[in-house]
Amino acid sequence: MKKLSFVFTVIIGLFISVNVNAQTKPDYYPGKWNVLVMGTPNGDSKMTFILERKDGKLTGAVQDSTGKEITKITSIEEKDKTITAAFTIQSYDVTLSLDPVDDDHVKGSLMGMFDAKGVRVKENK
């Protein structure tokens, strides 16, 4: 009887921990990100990505260093922890893939050719 009680306790504990884990998963990417793409033919490029979740999907825009919108992001693919954002810049259709490094930093590449790194912009509240 004690073994059966122990087994039920373990099973209930697993269900509770899985449920809590699923509810506390943070949405990592929404927010403002300063991204530096290194080694492009025009030199290093600084861009700001404004990402938000609308109707369950990530959307956003790209701004220059002055805060002026350069382009809208046409699509964002989410796979595991990686996102791949597609947008048009200087008449070129490009993709930027990003992976989390820690809570406030990402790394990735533009078109798989140019390294990129980014940092979350913390808004003062």
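Phe 49 is buried, with a relative accessible area of 3%. This value, like those that follow, comes from a predicted model. Phe 87 also counts as buried, at 2% relative accessibility. Burial here means a relative accessible area under 20%, so the 3% of Phe 49 falls within the class.

The fold is considered next. Eight strands form a closed barrel in the order β1-β2-β3-β4-β5-β6-β7-β8, and the pairing is antiparallel. Neighbouring strands of this sheet are turned against each other by 30° on average, direction ignored. Strands of a sheet pair through backbone hydrogen bonds, in either a parallel or an antiparallel manner.

Strands β4, β5 and β6 were examined pair by pair. Strand β4 covers residues 69–79 and strand β5 residues 82–89. Six bridges join these two antiparallel strands. Glu 78 has Ile 83 in β5 as its bridge partner. Glu 77 is bridged to Thr 84, again in β5. The two strands form a hairpin with two residues between them. In its turn, Asp 80 has a positive phi of about 55°.

Strand β5 continues the pattern with strand β6, residues 92–102. Seven bridges join β5 to β6, and the two run antiparallel. Ile 89 stands opposite Tyr 92 in β6. This hairpin has two residues between the strands. Gln 90 takes a positive phi there, near 50°.

Aromatic pairs were then listed. The structure holds four of them. A pair of aromatic rings is described by the distance of the centres and the angle of the planes. Tyr 28 and Trp 33 form a tilted pair, 5.6 Å centre to centre, with 40° between the planes. Both Tyr 28 and Trp 33 are buried. The ring centres of Phe 49 and Phe 87 lie 5.6 Å apart. Their planes stand at 70°, so this pair is edge-to-face. The pair links distant parts of the chain. Phe 49 belongs to strand β2 (residues 43–54) and Phe 87 to strand β5, 38 residues apart.

Ring pairs also link Tyr 28, Tyr 29 and Trp 33 into a cluster. A charge is found at this site. The charged end of Arg 120 sits over the ring of Tyr 28, 5.1 Å from its centre.

Phe 87, in strand β5, has contacts in several parts of the chain. Residues up to four places away in sequence were not counted. Phe 87 touches Met 47, Phe 49 and Val 62. Phe 87 also touches Thr 71, Lys 72, Ile 73 and Thr 74. Its further contacts are Tyr 92, Asp 93, Val 94, Leu 96 and Leu 110. Thr 74 is 13 residues from Phe 87 in sequence. The C-alpha atoms of Phe 87 and Thr 74 are 5.3 Å apart in space.

Thr 71 gives the view from strand β4. Thr 71 is buried, at a relative accessible area of 14%. With the limit for burial at under 20%, Thr 71 therefore qualifies at 14%. The side chain of Thr 71 reaches the backbone oxygen of Thr 88 at 3.2 Å. Leaving aside neighbours within four places in sequence, Thr 71 is in contact with Ala 61, Val 62, Phe 87 and Thr 88. Val 62 is thus listed among the contacts of Thr 71 and among those of Phe 87.

Technical notes: Residues numbered from 1 in each chain as written. Predicted model: local features only at pLDDT ≥ 70, side-chain atom pairs only at ≥ 80, totals over all residues. Heavy atoms only, no water. Pairing = 2+ DSSP bridges. Helix = DSSP H or I, 4+ residues; strand = E, 2+ residues; numbered from the N terminus. Buried < 20%, exposed > 50% of the residue type's maximum accessible area, 1.4 Å probe, protein only. Polar contact = N/O pair within 3.5 Å; in protein donor to acceptor, adjacent residues only side chain to side chain. Contact = heavy atoms within 4.5 Å. Axes fitted to C-alpha atoms, helices over the stretch in contact; angles between N-to-C directions. Phe/Tyr/Trp six-rings, centres within 6.5 Å; stacked < 30°, edge-to-face > 60°. Lys NZ or Arg CZ within 6 Å of the ring centre and 35° of its normal.
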